[in-house]
Amino acid sequence: MSGAPAIEVRGLRRVFHVRQGLFAPPRQVVAVDDVSFAVPAGSVLGVVGESGCGKSTLARMILGLLPPSAGEVLVDGRRLSEMDRRARARLIQPVFQDPFSSLNPRRRVRDIVAMPLVAQGSISRAEIARRVEESLSRVGLSTEQGTRFPSQLSGGQRQRVAIARALVLRPRIVVCDEPTSALDVSVQAQILNLLAELRRELGLTYLFISHNLAVVEHVASEVAVMYLGRIVETNESEALFAEPRHPYTRALLASVLTPEPGLGVPDVGLGDTMPDPANIPGGCRFHPRCPLAFERCPVEAPRTTPNGAGFVECHLAETA
Ligand code: SF4
């Protein structure tokens, strides 16, 4: 549908019931709690937050890999829940963090890249071969590299294979979930540049998930900051980095961000009280870690206050 956002998420919620022992009662974990946003076609929404904040659960719902407990996802103006698997795959594709585990080690690269085309069930073998070749060349891989197995490629080349596989159906949207986190520092910039180049050439829309604000700043036109399942601040990238309003966003920005693979979560400078999604604090969920918390914060949840092109959820923004 023309004019509709590429991705629109309305009131999305996902609850898991987790049992921690054979006889223990199940605990409710609200991984994503009433999240709404729209991503215009051709732009990049960066979603940032610590591990366990719900960003990967959000990505899996947007990809149709996990049904929401409430709310809905619209892709190109159409309800994701009303599309079959093949139609969904033609519109939206993933690139995951770990190319080492997301590629079948027993298949050759060209067969891995061909899989989404084969799964469509209606494309000729000649057309599949032509499109695989085209997709490999777009990501900078040769025909000869297409004949190899994943174990015969470097980490960066494997992530190029994952990107070629994501693009072979010519989707409009790519969900990148920590696409550079498992790579060596020297390779990360190459993959980010490749993703940026492909977006410009093909007019793609990205949902770009990362724990690393430095990476998000490099690629995103808009940024959403997630904390314990909710978006607590969102804005155009430039405005958010120039003038962060939420104390959590400020802590993330002030933190020592590391591009080192494997280190994962940045030191956010808020002590080691890791948030527990099964035990979300009342009032403002950030209050136990917030350096600016005051008496209202533990008892009353902040409203969503408009801020520039986005919003912020903090009592201090309500009165500013
Ligand atoms: Fe901190 Fe209170 Fe704002 Fe929450 S509402 S972020 S606790 S100042």
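Is Arg130 buried, partly exposed or exposed? Select Arg130: with a relative accessible area of 43%, Arg130 is partly exposed (buried is under 20%, exposed over 50%, and partly exposed in between, using a 1.4 Å probe and protein chains only).

Before you click on, a word about the model. It is predicted, so local features need pLDDT of at least 70 and side-chain atom pairs count only at pLDDT 80 or more, while totals for chains, interfaces and linings use all residues. Residues are numbered from 1 along each chain as its sequence is written, and side-chain values use heavy atoms, with hydrogens and water left out.

Now add Glu134. Its side chain meets that of Arg130 in a salt bridge, 3.9 Å from N to O (a side-chain nitrogen of Lys or Arg within 4 Å of a carboxyl oxygen of Asp or Glu). The two sit 4 residues apart in helix α5, about one helical turn. Glu134 is partly exposed too, at 28%.

Stay in helix α5 (residues 125-138) and pick Arg131 and Glu127, also 4 residues apart. They form a salt bridge with the closest N and O atoms 3.7 Å apart. Arg131 is buried at 11%, whereas Glu127 is partly exposed at 24%.

Next, jump to Arg10 and Glu72, a salt bridge at 3.1 Å. Arg10 lies in strand β1 (residues 7-18) and Glu72 in strand β4 (residues 70-75), so this pair ties together parts 62 residues apart in sequence. Helices (H or I, at least four residues) and strands (E, at least two) are DSSP runs, numbered from the N terminus. Arg10 is partly exposed, at 37%.

Want the full count? The structure holds 18 salt bridges.
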